[in-house]
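Visitor: I should like to go through this structure with you and ask on what grounds each description rests.

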Amino acid sequence: MIREISSGGVVVRRDESGWQVAVIEPQKEPPSGPSPAKPKSPKLVFALPKGLVDPGEKPEQTAVREVREETGIDAIPVAKLTDIKYVYVRTWSDLERVFKIVSFYLLKYADGKIDDVTPEMRIEVKRALWLPLAEAGKRLSYSNERKVMRMAEEYLASHPDV
């Protein structure tokens, strides 16, 4: 089985309303084949920024890079939250099963404007936005990422100095 190692970030910032987190809405593949008679309303997908660890790159560096590429913002590492592991099938190409490990880091917003991403990244990211931290845990589309969000909330509650 193929293995992939990725890394991602939970980027937080505090404003007058409380903690916010940066999320992305990934681009969806256009449907293939004939159009259905009655089009379905598309389901909104929210995810955390993440991507493959490049050769020679440390996972923490990958998290910072992926956040910058996919959201347009710069962030500073605070702590490693967890590793999530799962298996998926590459439905878009060779139908290979892939064992994937994603290391997630808590990052603190440093600079930049959310959704200020390059035209090349628009292939992957439809938009990036800030969500209230409490709401993000419910709105993320993937259960593993919702667990990561709860870990970030717990970390922030026990480390008020972040």
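Visitor: Leaving aside its neighbours within four places in sequence, with which residues is valine 89 in contact?

Guide: Valine 89 is in contact with Leu95, Glu96 and Arg97. The model is a predicted one, and contact here requires heavy atoms within 4.5 Å. Valine 89 itself lies in strand β4, and its C-alpha atom is separated by 9.0 Å from that of phenylalanine 99, ten residues further along the chain.

Visitor: Why is valine 89 called partly exposed?

Guide: The relative accessible area of valine 89 is 36%. Buried would require under 20% and exposed over 50%, so valine 89 falls in between and is partly exposed.

Visitor: What makes leucine 95 exposed?

Guide: Its relative accessible area is 59%; the cut-off is over 50%, so the term exposed applies to leucine 95. Leucine 95 is placed in the loop between β4 and β5.

Visitor: What is notable about the phi of leucine 95?

Guide: Leucine 95 has a positive phi of about 60°, although it is not a glycine. Most residues other than glycine have a negative phi. Aspartate 115, in the loop between β5 and β6, also has a positive phi, near 75°. With a relative accessible area of 27%, aspartate 115 is partly exposed.

Visitor: How do you know that arginine 127 and glutamate 25 form a salt bridge?

Guide: The closest N and O atoms of the two residues are 2.5 Å apart. The rule asks for a side-chain nitrogen of Lys or Arg within 4 Å of a carboxyl oxygen of Asp or Glu, so the pair qualifies. By this rule the count comes to 14 salt bridges.

Visitor: What makes the pair of arginine 127 and glutamate 25 a link between distant parts of the chain?

Guide: Arginine 127 belongs to strand β6 and glutamate 25 to strand β2, and the two are 102 residues apart. Glutamate 25 has a relative accessible area of 5%, under the 20% limit, and is therefore buried. Arginine 127, at 31%, is partly exposed.

Visitor: Why is the pairing of arginine 90 and aspartate 94 called a salt bridge?

Guide: The N to O distance between their side chains is 3.1 Å, and the limit is 4 Å, so the pair meets the rule. Arginine 90 is buried, at 17%, whereas aspartate 94 is partly exposed, at 39%. Elsewhere, salt bridges that share partners join Asp54, Glu57, Arg65, Glu66 and Glu69 into one network.

Visitor: Within that network, are arginine 65 and glutamate 66 buried or exposed?

Guide: Arginine 65 has a relative accessible area of 13% and glutamate 66 one of 6%. Both values are under 20%, so both residues are buried. Their salt bridge brings the closest N and O atoms to 2.9 Å apart.

Visitor: Which residues have the most contacts inside the largest nonpolar core?

Guide: They are Val10, Val12, Val21 and Met149, in a core of 22 residues. The elements that give two or more residues to this core are β1, β2, β4, β5, β6, α2 and α3. The largest share, four residues, comes from α3. A second, separate core of 17 residues includes Val11, Ala22, Val67 and Val117.

Visitor: What does methionine 149 contact, its neighbours within four places in sequence aside?

Guide: Methionine 149 is in contact with Val10, Val21, Leu48, Leu133, Ala136, Gly137 and Leu140.

Visitor: How do you know on which side of α3 its buried residues lie?

Guide: The buried residues of α3 are Glu145, Val148, Met149, Ala152 and Leu156. They cover an arc of only 100° around the axis, and are therefore on the same side of α3. On the other side, Glu154 and Ala157 are exposed. The buried residues pack against β1, β2, β3, β4, β5 and α2.

Visitor: What span would be expected of α3?

Guide: At 1.5 Å a residue, 22 Å is expected; α3, with 16 residues, reaches 23 Å from its first C-alpha to its last, which is close to that value.

Visitor: Where does pLDDT stay under 50?

Guide: That is the case over residues 30–36, for which the model has zero contacts beyond four places in sequence. For the protein, the mean pLDDT is 91, and 91% of its residues reach 70 or more.

Definitions and conventions. Residues numbered from 1 in each chain as written. Predicted model: local features only at pLDDT ≥ 70, side-chain atom pairs only at ≥ 80, totals over all residues. Heavy atoms only, no water. pLDDT = per-residue confidence, 0-100. Core = buried A, V, L, I, M, F, W, Y, C linked by side-chain atoms within 4.5 Å. Buried < 20%, exposed > 50% of the residue type's maximum accessible area, 1.4 Å probe, protein only. Expected span 1.5 Å × (residues − 1). Arc of directions from axis to C-beta.
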